[in-house]
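This text walks through one structure, from its enclosed spaces to its charged pairs and its interior. Please keep the model open while reading.

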Amino acid sequence: MKHRTAACAGIASLALLAGPAPAQPQPAPATGVSLYGVLDAGLLTISNTSAGRAGYVPAAGTGQRKTTYKDGGLGASNWGLRGQEDLGGGYGAFFQLQGNVNSASGATGGPNSASATATFNQFTVVGLSGPFGQVKLGRQVTPMYYAMASTDARGARYFGSALTALVGLNSASGVFIGNNSNAAFGAIYNDNAVVYTSPTWQHLTLNLSHAFGEGDGPSRANRQQSATLLYNDGRLRLSALLYQGHGNNLPAATTLYTAALGSAAAGHAAAAAAGFTPTAHTNRLVSLGALYTWDAYTASAALYRARNPARAVVPGGSASLNMWSVAAGWRITPLVNLTAGYYRMTDNSNAGHQAAQFAAGVDYVLSRRTTLYAQGAAVRNEGANMNLSPVYATPVAAGKNVQAWMLGLRHTF
């Protein structure tokens with residue numbers, strides 16, 4: 001029983017940080033290849049859902065309540081392959097391939113940065129590790145995501161967390177459609193990325209990322225950069241992040257103007273006239289966060305500043321938003337963990353526009369690999385560009401309050 005309790009407590013800790021991807025790719029302890037994955041699904045009821053004008057772009061009108069099967073409550077279902085070759089002398093080569101699996105339909109893969117469907121839409125990474133740290137090349141989760149998750153007591157799960165709040169910030173910009181992984185503020189995934197992770201020194205770890213645009217024209221076109229500094233001494237975690245990007249909003253702005261004006265040529269011209277270009281500096285996200293754990297309790301807080309330095313905006317959109325969050329957790333027993341969080345967003349471009357999300361949930365660890373969970377959330381949206389949803393990949397109507405509940409089961413293999 002002691003062995004089972006210890007193992008389950010470890011899994012419960014990991015459940016706090018559940019999100020669209022597992023922990024950062026780490027070389028396996030020995031040479032070899034392994035198959036792994038997660039299936040996460042449940043029943044969801046949510047009010048005021050809306051298809052939006054185009055994906056996540058806020059749409060007016062009254063949404064509808066629906067009760068439905070939902071894939072991904074703590075995090076996305078996925079599967080992957082990973083392995084390592086020992087090169088000797090403390091050096092190693094490794095790879096990781098990982099993509100989404102929709103447990104509802106059996107469909108695999110998801111969108112990449114170019115709006116195409118990729119089988120391994122989360123990781124296609126090859127890398128080297130050694131005394132210098134770690135270098136990873138390929139499409140991958142950005143260091144930004146891990147920084148956000150590390151200093152939120154609810155992690156970056158798919159229901160009521162720093163992740164769903166980030167989607168709300170992007171939706172409020174008015175140019176986040178969601179059909180690719182280039183968001184308006186920050187980004188969870190990057191194509192063509194090179195990421196360096198330093199060795200940990202005095203509990204500090206540095207991550208640097210650069211994603212190449214890989215297009216014609218100036219080298220800075222469509223490029224993305226991020227840097228994070230993480231501190232973790234076992235009790236206290238601190239995170240600092242900076243994310244910058246060029247040209248992120250151009251495809252979405254062009255799509256929206258094309259739909260409004262009725263022709264692709266007019267849409268391209270209108271987007272360019274509004275300041276959307278491949279080299280426009282439209283994406284800057286800065287954040288500071290802290291999380292502290294003592295005994296069975298955890299508390300966290302974070303601040304976010306989302307800016308569009310080029311100030312290229314569509315009508316009704318926003319180039320400047322702030323967000324702050326506080327969250328807490330209580331491990332009632334080694335197998336039961338309760339978490340709650342409050343996330344508040346303010347629009348600096350449109351006076352009086354704001355949104356707030358409160359979410360709480362309980363995770364019950366059935367075994368080392370299986371977790372049963374229940375969670376609920378309430379959201380207040382005020383303003384025509386505010387459609388913060390407590391559920392990832394589930395847009396809601398603009399300016400409407402939202403309530404959601406979910407009961408789910410998560411199994412790793």
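Four cavities of 30 Å³ or more are present in the structure, which is a predicted model. The largest cavity has a volume of about 80 Å³. Its lining is made up of 13 residues, and those nearest the centre are Val-175, Asn-180, Asn-182, Asn-248 and Ala-252. By class, the lining of the largest cavity holds seven nonpolar and six polar residues, with no charged ones.

The second largest cavity encloses about 60 Å³ of space. This cavity is lined by 13 residues, with Tyr-56, Thr-164, Val-167, Asn-387 and Ser-389 nearest its centre. Eight of the lining residues of the second largest cavity are nonpolar and five are polar, and charged residues are again absent.

Pockets, unlike cavities, are open. The second largest pocket holds about 890 Å³ of space. Around it stand 44 lining residues, of which Tyr-56, Pro-111, Tyr-158, Tyr-392 and Ala-393 lie nearest the centre. Three elements each give two or more residues to this lining: β2 (64-71), β5 (110-111) and α3 (162-172). Of the elements, β2 gives the most, with five residues. The lining of the second largest pocket divides into 23 nonpolar, 17 polar and four charged residues. Tyr-56 appears twice in this account, as one of the residues nearest the centre of the second largest pocket and as one of those nearest the centre of the second largest cavity.

The next topic is charge. Side chains of opposite charge can pair when their charged atoms come close. How many salt bridges does a search of the whole structure find? The search finds four. One of them joins the side chains of Arg-410 and Asp-40, with a distance of 2.8 Å from N to O. Arg-410 belongs to strand β19 (residues 402-412) and Asp-40 to strand β1 (residues 32-49), so this pair ties together parts that are 370 residues apart in sequence. Are the two partners buried or exposed? Arg-410 has a relative accessible area of 14% and is buried. Asp-40 is buried as well, with a relative accessible area of 0%.

Another salt bridge links Asp-363 with Arg-157, whose closest N and O atoms are 3.1 Å apart. Asp-363 sits in strand β17 (residues 354-365), while Arg-157 is in the loop between α2 (143-150) and α3; the pair therefore ties together parts that are 206 residues apart in sequence. Both Asp-363 and Arg-157 are buried.

A further salt bridge is formed by Glu-382 and Arg-380, with their closest N and O atoms 2.8 Å apart. Glu-382 is partly exposed, at 29% relative accessibility. Arg-380 is also partly exposed, with a relative accessible area of 34%.

From charged pairs the account turns to the nonpolar interior. In soluble globular proteins, nonpolar side chains tend to be buried together. In this model, the largest nonpolar core has 66 residues, and the members that touch the most others are Met-144, Val-175, Phe-276, Leu-285, Leu-321 and Met-345. One of these, Val-175, is also among the residues nearest the centre of the largest cavity.

What is Leu-321 in contact with, leaving aside its neighbours within four places in sequence? Its contacts include Leu-169, Ala-172, Phe-185, Tyr-304, Ala-306, Met-345 and Met-386. Arg-305, Arg-307, Thr-346, Asp-347 and Asn-348 are in contact with Leu-321 too.

Met-144, another member of the core, is one of the buried residues of α2. Eight of the eight residues of α2 are buried, so this helix is largely enclosed by the rest of the structure. Besides Met-144, the buried residues of α2 are Pro-143, Tyr-145, Tyr-146, Ala-147, Met-148, Ala-149 and Ser-150.

The last topic is the backbone. Most residues other than glycine have a negative phi, and most peptide bonds are trans. Asn-192 is not a glycine, yet has a positive phi of about 50°. Asn-192 lies in strand β9 (residues 189-197) and is partly exposed, with a relative accessible area of 36%. Asn-222, also not a glycine, has a positive phi of about 60°. Asn-222 is placed in the loop between β10 (204-211) and β11 (224-232), and is partly exposed with a relative accessible area of 32%.

Methods
Residues are numbered from 1 along each chain as its sequence is written. This is a predicted model: local features need pLDDT of at least 70, side-chain atom pairs count only at pLDDT 80 or more; totals for chains, interfaces and linings use all residues. Side-chain values use heavy atoms; hydrogens and water are left out. On a 1 Å grid over the protein atoms alone, a cavity is a set of points where a 1.4 Å probe fits but cannot get out, and a pocket is an open set with protein on both sides within 12 Å along at least five of seven lines; lining residues have an atom within 4 Å of a point. Grid points are joined across faces, edges and corners, and a volume is the space filled by probe spheres set on the points. Helices (H or I, at least four residues) and strands (E, at least two) are DSSP runs, numbered from the N terminus. Ala, Val, Leu, Ile, Met, Phe, Trp, Tyr, Cys and Pro count as nonpolar, Asp, Glu, Lys and Arg as charged, and the others, Gly among them, as polar. Buried means under 20% relative accessible area, exposed over 50%, partly exposed in between (1.4 Å probe, protein chains only). A nonpolar core is a set of buried Ala, Val, Leu, Ile, Met, Phe, Trp, Tyr and Cys residues joined through side-chain atoms within 4.5 Å. Contact means heavy atoms within 4.5 Å.
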